[in-house]
Amino acid sequence: MLEIKNLHVELEEEGKQILKGVDLTVEAGKVHAIMGPNGSGKSTLSYVLSGRDGYRVTDGSASLLGEDILEMEPEARAAAGLFLAFQYPVEIPGVGNMTFLRTALNAQRKLRGEDEVSAADFLKLVREKAKTLKIDAEMLKRPVNVGFSGGEKKRNEILQMAMLEPKMCILDETDSGLDVDAMKLVSDGVNALRDAGRGFLVITHYQRLLDHIKPDVVHIMSDGRIIKTGGPELALEVEKNGYADLLAEAV
Amino acid sequence: MALAQARIDLTETRIAAYDLPEGATWANEARHTALTRLRAMGLPTARDEYWKYTNPAELTAPTAPEAALFDMGTDRAVFTDIDRLKIVFVDGVFDPDQSDDLSLEGLEIARLSAVMKTDIHWAMELYGHLETHGQDPVARPLAALNTGFATDGVVIRATGKVSKPVSLIYLHQSETSDAVLHHVIRVEEGAEMTLLEQGPAAARFNSVTEVDLAPTARFHHIRAQGRDHARRAVTHSFVRVAEAAHYKSFTLTCNGVLIRNEHVIDIVGDNAVAHVAGAALGDGKRVEFHHDDTVFVTHRGEDCESRQVFKKVLRNGAFGVFQGKILVTPGAQKTDGYQISQALLLDEDSTFLAKPELEIYADDVKCSHGSTTGAIDEEALFYLRSRGVDHSTATDLLVLAFLAEAIDEIQDEMLRADILAQLDLWLARRRD
């Protein structure tokens, strides 16, 4: 599904190297988690994969279903099946959430050469998906993320994911700013999307999200590299002992 | 203070270029008084405080600079599908053949040229009067010029709730036309009407619209200023709002080498409402774009609300100006005044200059003003693109979002949809 090889990335302006050779493969149907201390490059990895400006790839590659994505525009990556659930979802005053969802859905379909979804079908679809995430009609009508609480923003990200049905989902610290109930709701939303054809990359600081979204593989990232890979037990080890031991081990 | 000789010459040359129409005694008096006032003020120059950001030279020149005609191609004109009473002016001259029959229940409509020849007419108490009143504290010499020389226009009195909008259509067919139109509108107690205006009007256009709202009257004004790139225009609205009356105005401007829209609103009664909004989309690629909104709202009544919402989207060296003032007089307690002017610059070549002003002499009021200039929000753009929306569509969506607050000032849903359709056309052209 997602194949990252020897990925080196630096900040465009400062020339500072952030990723120093990341190797990572996420298979279809699997959930991979990346954990790591602040500043280890986790969020940079998610931004580089989704095509945000400001980063320069100096070496390595990243492909989605065998297709090199690093040269693609962000919208082409989305159409190819990549989705990033933002750590800080962006507020867009003046653009209604429904308009946003429908424009995005139809834009992706158009890029893939498919027909647009009719207004009626769209409405039916969005209502059904919103209901399971406890997103009410009022929230759908409001401008994108404007005045949403932290939990509402994250639920809105998952709603977008459910609507767009991407092949590869990257969740960037989706647990940040969530209380226990919201975390459960968001996790249920993610779990509902798990299937044999879809891959997940879950970026988080804490084990607690992984109690809800059970990973198949856990990676520890530090200083721009994956320093250790293991099963779910690796996350528990971090929770118990912190990163210090793992970091010392890696050196 | 005596005027400088250059200004006197400028004024006299312009006055000499026109014929003073003859009419009824009151009309002749109104015209002569206007010229006397004009001579005392002199025509504006770029040195005047209120013309600092917009050079009036092309508006004051003795003859109109040439303006090429514009072919709309297959694009649908604004308001086409709206059921309305059409009044057509071609280069500033009323065209009865293209206009509808000037009768509609709840309305009296007459041509200005006919009214000015009538010995006694209700409009004699308004023609030039609201304009004169609006000269203080800021001189508006081009409006006085208009009162002096206007040859055509409409005089409308609404006495009930009017079933459909009155639609003024300004066609531009001569590359050198110099049109001066003057409209007088009186909306009586409890009456309500909508006025639509569209089209470029002429190579050079000077308009004055005097609107007098009786207590509880309601007036909606929606304008689309046409797409002829090369034309120049200065428009003035002088509005008097009585107790519990509502005035709501929205103007869409796409293209225009030089356009100045002045609004002078005097809220004289209590519990009245006045909203004035504008959306200007300027592209300086083929022809220059210069757009100026100058607004002056005076609060004299208690518990009144005023809103000024002006948004401009500028690219390729387009130039936008906003000068807006809220004046709250000593008795106007509980005033709620709001003013926002914002520009979205789509590149680094475009300019927006704003002068927001508040002057408040009452102690129990709520007034706010804000002005911003910015580029497209890159974060929002990336967010949209990461969801599969291409760069161009995402930009359009953000442009429309930026304009939304101004567009929302249009109350009528069909009219709002029509204006939005015009915006879509502009956005589609932007990609050419």
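Start by selecting chain A: of its 251 residues, 43% count as buried. Keep in mind as you go that this is a predicted model.

**Stop 1: chain A as a whole**

Colour chain A by secondary structure and you should find 10 helices and 12 strands. Its C-alpha atoms fill a box of roughly 55 × 40 × 35 Å along the principal axes. How does the radius of gyration compare with that of a compact globule? A compact globule of 251 residues would have a value near 18 Å, and chain A has 18 Å, so the two agree. If you like contact maps, draw one here: among contacts in chain A with a separation of 6 or more, 71% join residues 24 or more positions apart.

**Stop 2: where chain A meets chain B**

Now show both chains and select the contact, which takes 19 residues from chain A and 15 residues from chain B. On the chain A side, highlight helix 2 (74-80), strand 7 (92-96), helix 3 (97-111) and helix 6 (150-164), each of which supplies at least two residues. Which of these elements gives the largest share of that side? Helix 3 of chain A does, with five residues. Colour the chain A side by class and you will see 12 nonpolar, five polar and two charged residues.

**Stop 3: the sheet of chain B**

Hide chain A and turn to the strands of chain B. Ten of them form an open sheet with mixed pairing, in the order 2-1-6-8-10-12-14-16-18-20. Strand 2 (93-94) and strand 20 (366-374) of chain B each have a single partner strand, so these edge strands have one side without a neighbour in the sheet. Next, zoom in on strand 1 (residues 85-90) and strand 6 (residues 166-171) of chain B, a parallel pair joined over six bridges. To follow one bridge, pick B:Leu85, whose partner in strand 6 of chain B is B:Val166.

**Stop 4: two helices on the sheet**

Add helix 8 (residues 391-407) of chain B, which lies across strand 14 (273-283), strand 16 (305-315) and strand 18 (336-345), running at about 155° to strand 16. Then add helix 9 (residues 413-430) of chain B: this helix packs on the sheet and touches strand 10 (218-224), strand 12 (246-254) and strand 14, making about 20° with the direction of strand 12.

Finally, look at helix 8 and helix 9 of chain B together. They pack at an angle of about 145° with axes 12 Å apart, and their crossing is right-handed. Show side chains for the contact: residues from helix 8 include B:Leu400 and B:Leu403, while those from helix 9 include B:Leu420 and B:Leu423. By class, this contact has eight nonpolar, no polar and two charged residues.

Technical notes
Residues are numbered from 1 along each chain as its sequence is written. Chains are lettered from A and ligands numbered from 1 in the order in which they are written. This is a predicted model: local features need pLDDT of at least 70, side-chain atom pairs count only at pLDDT 80 or more; totals for chains, interfaces and linings use all residues. Two strands pair if DSSP finds at least two bridges between them. Helices (H or I, at least four residues) and strands (E, at least two) are DSSP runs, numbered from the N terminus. Two residues are in contact if their C-beta atoms, placed from the backbone, lie within 7 Å. Axes are lines fitted to C-alpha atoms, for helices over the stretch in contact, and angles run from 0 to 180 degrees between N-to-C directions. The radius of gyration is taken over C-alpha atoms; the globule rule is 2.2 Å times the number of residues to the power 0.38. A residue is buried if 20 or more other C-beta atoms lie within 10 Å of its own, exposed if 12 or fewer, and partly exposed in between; C-beta atoms are placed from the backbone. Ala, Val, Leu, Ile, Met, Phe, Trp, Tyr, Cys and Pro count as nonpolar, Asp, Glu, Lys and Arg as charged, and the others, Gly among them, as polar. A crossing is left-handed if the near helix is turned anticlockwise from the far one by less than a right angle, and right-handed if clockwise.
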